[in-house]
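Colleague: Please take me closely through the nonpolar core of this model, and then through the loops and the helix that deserve a second look.

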Amino acid sequence: MHPSDAENRDVIIVGGGGSGLAAGVSCAEQGLKVLLLEKQPHLGGTTGIAVGSFTASGTRHQRKNNIDDNSVDHNEDAGQFAQPEDEAAGNHELRAFFLSHAGDTLGWLEKMGLRFHGPSPEPPNRVPRMHNVVPNAKSYIAALQLRLVRLGGHIMTNASVEGLLRTDGRVTGVTVSMNGIQRSETCRRGVVLAAGDYASNAQMIAEHKGDAFAAVDGINPNATGDGHRLVASARGQLLNMSITYGPELRFVPPPRKSFSQLLPSNPTAVKLMGTLLPFVPKILINAFIKRLLVTWQHPEDGLLDDGAILINKHGQRFCDELASPGREIAVANQPDKVAWILLDESIIKRYSQWPHFISTAPEIAYAYVDDYLRLRPDVAVAANSLQQLATQRNLPTAALQAAATGTQTVDGVPKIKRPLQGNRWVLLGPVKSYFTTTEGGAAIDTSFRVLDNNDEAINGLYAIGQNGLGGQILWGHGLHIAWAMTSGRLVGRVLAESNP
Ligand SMILES: Cc1cc2nc3c(=O)[nH]c(=O)nc-3n(C[C@H](O)[C@H](O)[C@H](O)COP(=O)(O)OP(=O)(O)OC[C@H]3O[C@@H](n4cnc5c(N)ncnc54)[C@H](O)[C@@H]3O)c2cc1C
């Protein structure tokens with residue numbers, strides 16, 4: 001880069017996940033000079049490992065399916081996913097603003113070549129609103145990166161932003177560490193924080209949620225809340241920091257990349273897949289989505305309610321399976337932080353057909369015991385005796401038998417409701433306790449400006465995506481990515497109209 005490029009730079013974006021790349025593209029589309037800094041060697045962040053659902057109202061896909069919808073109804077329904085106490089703490093006005101722009105964002109992404117399957121229903125949404133990107137969320141990254149580069153945006157990877165630079169109170173740049181060397185980067189219009197969430201920052205989790213939760217891992221180990229720390233360093237307000245998506249029990253990911261992850265996500269391939277999609281029979285699409293379902297999925301809590309038990313690597317029960325979040329915290333404190341779920345014959349039978357499934361993305365597809373045995377042999381094993389089962393997973397037989405029959409006694413672990421029995425056994429796991437994401441973020445206004453404790457905008461500092469959630473509660477599938485993309489798209493317009 002020439003020194004003159006740096007002098008004329010308008011915007012610095014911290015983070016090259018979904019929201020940061022969307023912001024980069026939007027700024028560049030408005031003719032702004034962009035520098036995007038990503039701490040990892042590659043772009044993507046949590047967005048790059050997500051399923052890719054994008055929930056929105058008033059989309060072309062809804063209209064094509066004669067679905068009459070609007071963002072006011074959508075906001076009302078979105079408020080029914082979270083626990084009432086979390087929803088009560090939410091920023092409903094900001095969510096209403098976001099949802100009124102989400103449908104247009106989907107259209108903006110389609111113009112870049114992205115293709116979506118759906119909309120699919122997800123109650124309590126009153127109409128289908130979930131759109132799934134083809135083939136998965138890596139496509140967002142590939143399409144946005146290509147467009148940003150084409151528009152002349154400058155991307156630096158291995159560039160970890162560590163501090164903010166201020167001139168007369170205004171944020172005018174950042175300090176960044178590249179391969180251990182510190183440097184300063186400045187810009188004329190604003191610094192946009194798009195550094196994701198803090199699901200893997202044990203210290204932040206302990207501070208805001210309690211020490212007991214610190215042992216729980218985030219799914220994305222790089223989601224370390226750097227952007228939240230930068231907000232705090234500028235005396236910005238952080239809202240709803242104790243609200244998290246999880247902890248939840250989830251199957252550990254497969255050792256090899258899943259079929260969907262191996263599909264090409266470059267824009268040409270995506271366009272081709274999108275064109276062919278309407279001609280693919282629904283049964284094949286569902287089978288494909290089922291494969292997605294068995295990668296990171298959360299086994300339904302109903303399994304434990306129906307009597308399945310949790311076992312550690314010593315073959316022992318270690319918690320009250322019915323108590324959440326106690327059981328998730330207990331799993332995080334077991335050897336290697338893992339556990340298995342033991343099903344007996346009657347539970348296997350129950351979880352082999354509708355309405356009892358092991359995991360789902362609502363109304364798209366449901367995965368049952370046999371699906372797991374077929375598609376995820378690394379986390380599902382069956383046998384006709386407990387002894388065979390124990391041998392297959394290298395667990396101590398006697399301990400497993402004691403746990404299953406209820407003869408095991410461990411201090412603080414209540415007796416099982418009924419002994420497990422029969423001639424067919426399934427062991428699911430390993431499962432781990434994970435935070436999927438965190439719901440705390442910078443307080444912002446509808447221009448994405450970070451607000452201080454007096455609700456005054458901090459000059460030159462913006463936050464988007466998970467970094468700038470602004471107190472919104474975005475439960476249900478598909479709203480986090482919709483927010484990442486929408487906040488990124490809109491902040492570009494705000495910056496274009498701002499004074500340099
Ligand atoms: C398994 C899984 C599946 C999911 N599926 C869905 C889904 O289908 N639909 C949905 O809506 N949501 C989903 N989510 C949640 C959703 O993916 C995320 O909330 C959203 O994509 C976050 O986007 P973001 O841009 O805010 O953060 P990210 O995509 O995480 O981007 C942040 C980027 O900032 C970088 N960064 C961090 N610190 C620094 C620093 N100091 N300097 C420079 N760069 C930095 C990070 O490395 C990262 O690349 C899923 C989450 C998980 C874990």
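Modeller: What follows starts with the core, then turns to backbone features in loops, and ends with one helix.

This is a predicted model, in which local features need pLDDT of at least 70 and side-chain atom pairs count only at pLDDT 80 or more, while totals for chains, interfaces and linings use all residues. Residues are numbered from 1 along each chain as its sequence is written.

A nonpolar core here is a set of buried Ala, Val, Leu, Ile, Met, Phe, Trp, Tyr and Cys residues joined through C-beta atoms within 7 Å. Buried means that 20 or more other C-beta atoms lie within 10 Å of a residue's own, exposed means 12 or fewer, and partly exposed is in between, with C-beta atoms placed from the backbone. The largest such core has 78 residues, and those touching the most other members are Ile13, Val14, Val191, Val192, Leu193, Val450 and Tyr462. Its biggest contribution, 10 residues, comes from helix α19 (residues 479-497). Helices (H or I, at least four residues) and strands (E, at least two) are DSSP runs, numbered from the N terminus.

Leaving out residues up to four places away in sequence, Val192 touches Val11, Ile13, Val14, Ala23, Tyr462, Ile464 and Val491. Contact means that two C-beta atoms, placed from the backbone, lie within 7 Å. Another core, of 52 residues, lies apart from the largest one and includes Trp340, Ile341, Ala367 and Phe435.

Two peptide bonds are next. The bond from Pro123 to Pro124 is cis, with omega near 10°, and Pro124 sits in the loop between β4 (116-120) and β5 (130-133). The bond from Gly246 to Pro247 is also cis, with omega near 10°; Pro247 belongs to the loop between β13 (244-245) and β14 (248-251).

Lys337, a residue other than glycine, has a positive phi, near 60°. It is found in the loop between α14 (326-332) and β16 (339-343), and is partly exposed because it has 17 C-beta neighbours inside 10 Å. Asp455 likewise has a positive phi near 60°, in the loop between β23 (449-451) and β24 (457-463). Asp455 counts as exposed because 9 other C-beta atoms lie within 10 Å.

Last comes helix α8 (residues 202-209), where Met204, Ile205, His208 and Lys209 are buried. Down the axis of α8 these fall within an arc of 100°, so they line one face of the helix; the arc is that of the directions from the helix axis to the C-beta atoms. The buried residues of α8 pack against α9 (226-233) and β13. Gly210 follows α8 and has a positive phi, near 120°.
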